[in-house]
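Me: Could you take a close look at how one pair of packed helices is arranged here, and then work outward to the loops and charged side chains that deserve attention in a careful reading? I would like one connected account rather than a list.

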Amino acid sequence: MLKPKTVKGAPREYLDKLFDIKKNFQRFKQKNDIFNRSIWDDKVKAKDLFVSYDITNFVPKKSKGFDQWDYAFRNASWHLTDVVGDRNFDVDGRVEGFTDYYSLRSGGAATKVELSSPEETTKRIKLAAKIFGAGMAGVCEVDDRWIYSENYNRKTKESRSLTLPKSYRYAILLIVPMDYDLSKTYPSAVSGATTGVGYSTGLTCATTLAQFITNLGYNATASLNDTGLNIPMAIQAGLGEYGRHGLLITPKFGPNIRIAKVFTDLPLSPDQPIEFGVKKFCDSCKLCSDNCPVKAIPSGAPAATPPNFSSHSGIKKWTVNAEKCFKFWVGMNTDCAICIRVCPYNKDYSKWWHRWGILFANSPFRKILLWIDKQWGFGTRKAPDEWWKEGKAAVAEEESQ
Ligand code: SF4
Ligand code: SF4
């Protein structure tokens with residue numbers, strides 16, 4: 001009961017049942033995600049949010065965690081992702097990693113490497129993914145339902161139909177852990193650095209892995225938030241379960257992660273979905289919903305009708321109100337993630353007692369764990385200047401050893 005259970009049967013059918021996917025389910029149009037809506041929909045205003053990622057527009061805020069050190073740190077963490085994201089924008093409006101997949105430097109090898117079996121190949125690919133920066137990696141068969149039906153071009157403001165090559169039978173999902181200590185300071189400009197580092201590591205890991213596969217003579221395409229929805233693919237690839245806050249909860253890093261992926265025709269062995277009690281825990285927890293400052297997270301049962309068209313319809317799940325959430329980000333000039341901070345699954349899993357805790361969360365003792373979590377104030381925000389102070393002390397101690 002305690003250990004993650006591997007679900008038997010076809011992963012696609014498991015998701016059908018898990019989310020009660022309806023007949024009217026349609027692939028998502030990228031144009032409708034809240035970030036792209038801020039470009040074409042007057043109802044969604046980004047005001048100073050995006051420009052604040054350029055330090056020349058720096059305006060300090062009175063609240064702690066929003067001074068020049070904090071913004072300089074956050075914005076620098078996005079440097080690599082921004083450079084790569086911008087490189088083709090003027091030419092064709094592609095924002096690699098966010099509206100379009102990444103281009104690779106080399107087309108790859110002319111000959112295909114000899115493969116012994118899909119299982120052996122998968123083991124090597126997962127090992128390489130780990131070396132390239134992934135904390136976890138899993139494989140699923142590409143399920144077209146999660147691929148966007150259209151790409152959105154932020155320059156021309158036009159959409160074009162999107163179809164992955166049929167030869168891309170597999171997706172490799174890559175889990176990039178974010179920094180636990182920084183997650184305690186959500187929301188602030190300083191905590192935004194862990195998001196930036198998460199994305200740059202995802203970029204490095206996915207593009208490097210895709211280049212590795214093409215060097216083996218097969219085709220591969222690296223992707224971050226573009227091209228398709230990461231969370232359902234990651235569930236199919238056995239990397240975690242879906243939480244009330246609409247995020248993936250992994251058994252190794254909780255919800256404090258980013259996800260990248262590689263589509264490929266390399267023959268691989270897909271993983272099976274897992275369960276470790278998240279659904280039951282979320283049924284009695286609701287900490288994310290209670291602590292969301294704009295009440296964007298549902299407190300009731302999963303529903304098939306989304307709060308607005310920035311989320312899928314025809315799929316029964318907890319859906320965050322993206323309009324309310326994004327408006328809060330814009331007001332703060334940074335991403336929020338309070339829902340990650342307060343989630344009892346957000347723990348430092350390098351500690352054995354938290355590794356035991358996540359197992360006990362999958363047992364009738366879950367309510368006691370939840371009570372302890374609240375009593376001990378695990379989800380309490382750490383002041384950003386405290387984070388700088390403790391971090392500096394830790395560096396000084398390391399240097400003295
Ligand atoms: S990121 Fe913040 S505003 Fe958005 S859903 Fe989470 S807690 Fe709410
Ligand atoms: S905070 Fe509680 S309800 Fe929300 S996702 Fe985490 S465990 Fe589930």
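Reply: In this predicted model, helix H3 (residues 68-77) packs against H8 with an angle of about 15° between them and with their axes 7 Å apart. Angles under 35 degrees count as roughly parallel, and therefore H3 and H8 are described as roughly parallel to each other. The crossing of H3 and H8 is left-handed.

Both helices lead on to further details. The loop between helix H7 (180-183) and helix H8 (192-215) holds Pro-187, and the peptide bond from Tyr-186 to Pro-187 is cis, with omega near -5°. On the side of H3, the loop between helix H2 (34-40) and H3 contains Lys-64, whose partner Asp-385 belongs to helix H16 (residues 384-400), so that the pair links parts of the chain 321 residues apart. Lys-64 and Asp-385 form a salt bridge in which the closest N and O atoms are 3.9 Å apart, a separation to be read against the cut-off of 4 Å for a salt bridge. Lys-64 counts as exposed because its relative accessibility is 54%, whereas Asp-385, with a relative accessible area of 36%, is partly exposed.

Another link across the sequence involves Gly-108, in the loop between helix H5 (89-92) and helix H6 (118-131). The C-alpha atoms of Gly-108 and Leu-216 are separated by 7.3 Å, although these residues are 108 apart along the chain. Gly-108 is partly exposed, at 32% relative accessibility.

The backbone deserves a second look in two further loops. Most residues other than glycine have a negative phi, and most peptide bonds are trans. Thr-227 has a positive phi, near 70°, and its place is in the loop between strand S6 (220-223) and helix H9 (230-236). Lys-295 also has a positive phi, near 50°, and is found in the loop between helix H11 (287-291) and helix H12 (322-332). Thr-227 counts as buried, at 2% relative accessibility, while Lys-295 is partly exposed, with a relative accessible area of 48%.

Where, then, is Lys-261 found? Lys-261 lies in strand S9 (residues 257-264), and it is buried yet has no salt bridge, the nearest side chain of opposite charge being Asp-226, 5.1 Å away. A polar atom of the Lys-261 side chain does lie 2.6 Å from the backbone oxygen of Leu-224, and this side chain also makes a polar contact of 2.6 Å with the side chain of Asn-230.

Side chains of opposite charge can pair when their charged atoms come close. A search of the whole structure finds 22 salt bridges. One of them joins Asp-143 to Arg-145, at 2.8 Å from N to O, and both Asp-143 and Arg-145 are buried. Another is formed by Lys-351 and Asp-348, with the closest N and O atoms 2.9 Å apart; here Lys-351 counts as partly exposed at 32% relative accessibility, and Asp-348 counts as partly exposed at 21%. Elsewhere, salt bridges that share partners join Arg-87, Arg-94, Glu-96, Asp-100 and Arg-160 into one network.

How values were computed. Residues are numbered from 1 along each chain as its sequence is written. Chains are lettered from A and ligands numbered from 1 in the order in which they are written. This is a predicted model: local features need pLDDT of at least 70, side-chain atom pairs count only at pLDDT 80 or more; totals for chains, interfaces and linings use all residues. Side-chain values use heavy atoms; hydrogens and water are left out. Helices (H or I, at least four residues) and strands (E, at least two) are DSSP runs, numbered from the N terminus. Buried means under 20% relative accessible area, exposed over 50%, partly exposed in between (1.4 Å probe, protein chains only). Lys and Arg count as positive and Asp and Glu as negative; His and the chain ends are not counted. A polar contact is a pair of N or O atoms within 3.5 Å; within protein, one must be able to donate a hydrogen and the other to accept it, and residues adjacent in sequence count only if both atoms are side-chain atoms. Axes are lines fitted to C-alpha atoms, for helices over the stretch in contact, and angles run from 0 to 180 degrees between N-to-C directions. Angles under 35 degrees count as roughly parallel, over 145 as roughly antiparallel, 65 to 115 as roughly perpendicular and the rest as oblique. A crossing is left-handed if the near helix is turned anticlockwise from the far one by less than a right angle, and right-handed if clockwise.
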